[in-house]
Amino acid sequence: MEQYLQVGVIASTHGLRGEVKVFPTTDDPGRFRDLKKVILDTGKERVLLEVQGVKFFKNMAIVKFRGLDDINEVEQYKGKSLLVSREDAVRLEEDEYYIADLLGMTVFTEAGEFGVLKDVIETGANEVYVVDSPVYGEVLIPAIRQCILDVDIQGQAMKVHLLDGLVDPARGEGRKTAESEGDKNL
């Protein structure tokens, strides 16, 4: 499990007094109001920064860090991630997970290993898990109770039920047949 979770990415500077525009990567951008500190990941090191002030403009949070009072001091941080420790992260409800904990998880169906979860798409209705399957290619699985049977964060495994229409059975059979025929020619 990741010790630090990304809450935003510095998109650009804002004004001349050291403020930055942050693109929130959290479900609730308003949580920036409650943040007292964040960790700036420069790529070479992680720097603890104290949040002095936050305001919002369109889809961005405008953040001012204590001690960074000039545009020249923050210019170098464009494109860098802002993280919080797991202890400072938003508390999850039952059956909620941090996306960072899901990525890379092995996905199983009732029939056995199916693939690896490689991305999560956030839609208005529900999240959609993008699973890379060696047999079916990229498969989109809605994160609904009918499909997601069990999630084991510690074991990095997810058990799913594939509703009709999520995969093309002919595609799977075609790949198996092509692989089998290729093996025969060896």
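# Salt bridges, sheet and pockets

Trainee: What is the relative accessible area of Glu-50, and how does that class it?

Mentor: The relative accessible area of Glu-50 is 40%, which makes this residue partly exposed. Please keep in mind throughout that we are discussing a predicted model.

Trainee: Where does the partly exposed label come from, for a value of 40%?

Mentor: The label follows from two cut-offs, because buried means under 20% and exposed means over 50%, with partly exposed in between. Glu-50, at 40%, carries that middle label.

Trainee: And which residue does Glu-50 form a salt bridge with?

Mentor: Its partner is Arg-66, and the closest N and O atoms of the two are 3.0 Å apart. The pair links distant parts of the chain, since Glu-50 belongs to strand β4 (residues 46-57) while Arg-66 sits in the loop between β5 (60-65) and α1 (71-74), 16 residues apart. Arg-66 is also partly exposed, with a relative accessible area of 46%.

Trainee: How many salt bridges does the count come to?

Mentor: The count comes to seven salt bridges. One of them joins the side chains of Asp-41 and Arg-46, at 3.7 Å from N to O. Asp-41 is partly exposed at 22% relative accessibility, and Arg-46 is partly exposed at 47%.

Trainee: Which residue meets Glu-138 in a salt bridge?

Mentor: That is Lys-118, with 2.9 Å between N and O. Glu-138 lies in strand β10 and Lys-118 in strand β8 (residues 112-122), so this salt bridge ties together parts that are 20 residues apart in sequence. As for accessibility, Lys-118 is partly exposed, with a relative accessible area of 43%.

Trainee: Let's move to the sheet, then. In what order do the six strands come?

Mentor: The order is β10-β9-β8-β7-β12-β11, in an open sheet with mixed pairing. At the edges stand β10 (137-142) and β11 (148-152), each with a single partner strand, so one side of each is left without a neighbour in the sheet. From one strand to the next, the twist averages 35°.

Trainee: How many bridges pair β11 with β12, and in which sense?

Mentor: Strand β12 (residues 157-160) pairs with β11 over four bridges, in the antiparallel sense. If you want a residue pair to look at, take Asp-152, whose bridge partner in β12 is Ala-157.

Trainee: What about β7 and β8, how do they pair?

Mentor: Strand β7 (residues 106-109) and β8 pair in the antiparallel sense over four bridges, and they form a hairpin with two residues between them. There, the bridge partner of Thr-109 in β8 is Gly-112.

Trainee: And how many bridges join β8 to β9?

Mentor: Six bridges join these two strands, which run antiparallel, and Leu-117 stands opposite Val-131 in β9. This is also a hairpin, with four residues between β8 and β9.

Trainee: Changing topic to pockets: how much space lies in the largest pocket?

Mentor: The largest pocket holds about 1,100 Å³ of space. It is lined by 38 residues, and the closest to its centre are Asp-27, Tyr-97, Tyr-98, Ile-99 and Glu-127. Several elements give two or more residues to this lining, namely β1 (4-14), β6 (81-85), α2 (99-102), β9 (127-133) and β11.

Trainee: How do the lining residues of the largest pocket divide by type?

Mentor: The lining of the largest pocket divides into 19 nonpolar, six polar and 13 charged residues.

Trainee: And what volume does the second largest pocket have?

Mentor: The second largest pocket has a volume of about 170 Å³. Twelve residues line it, and those nearest its centre are Thr-109, Ala-111, Glu-113, Phe-114 and Tyr-136. Strand β8 gives the most to this lining, with three residues, and by type the lining of the second largest pocket divides into seven nonpolar, three polar and two charged residues.

Trainee: One last thing: is Gly-43 buried or exposed?

Mentor: At 65% relative accessibility, Gly-43 counts as exposed, and this residue lies in the loop between β3 (37-41) and β4. If you want a long distance to check in your viewer, the C-alpha atoms of Gly-43 and Gly-124 are separated by 32 Å, with the two residues 81 residues apart along the chain.

Key. Residues are numbered from 1 along each chain as its sequence is written. This is a predicted model: local features need pLDDT of at least 70, side-chain atom pairs count only at pLDDT 80 or more; totals for chains, interfaces and linings use all residues. Side-chain values use heavy atoms; hydrogens and water are left out. Two strands pair if DSSP finds at least two bridges between them. Axes are lines fitted to C-alpha atoms, for helices over the stretch in contact, and angles run from 0 to 180 degrees between N-to-C directions. A salt bridge is a side-chain nitrogen of Lys or Arg within 4 Å of a carboxyl oxygen of Asp or Glu. Buried means under 20% relative accessible area, exposed over 50%, partly exposed in between (1.4 Å probe, protein chains only). On a 1 Å grid over the protein atoms alone, a cavity is a set of points where a 1.4 Å probe fits but cannot get out, and a pocket is an open set with protein on both sides within 12 Å along at least five of seven lines; lining residues have an atom within 4 Å of a point. Grid points are joined across faces, edges and corners, and a volume is the space filled by probe spheres set on the points. Ala, Val, Leu, Ile, Met, Phe, Trp, Tyr, Cys and Pro count as nonpolar, Asp, Glu, Lys and Arg as charged, and the others, Gly among them, as polar.
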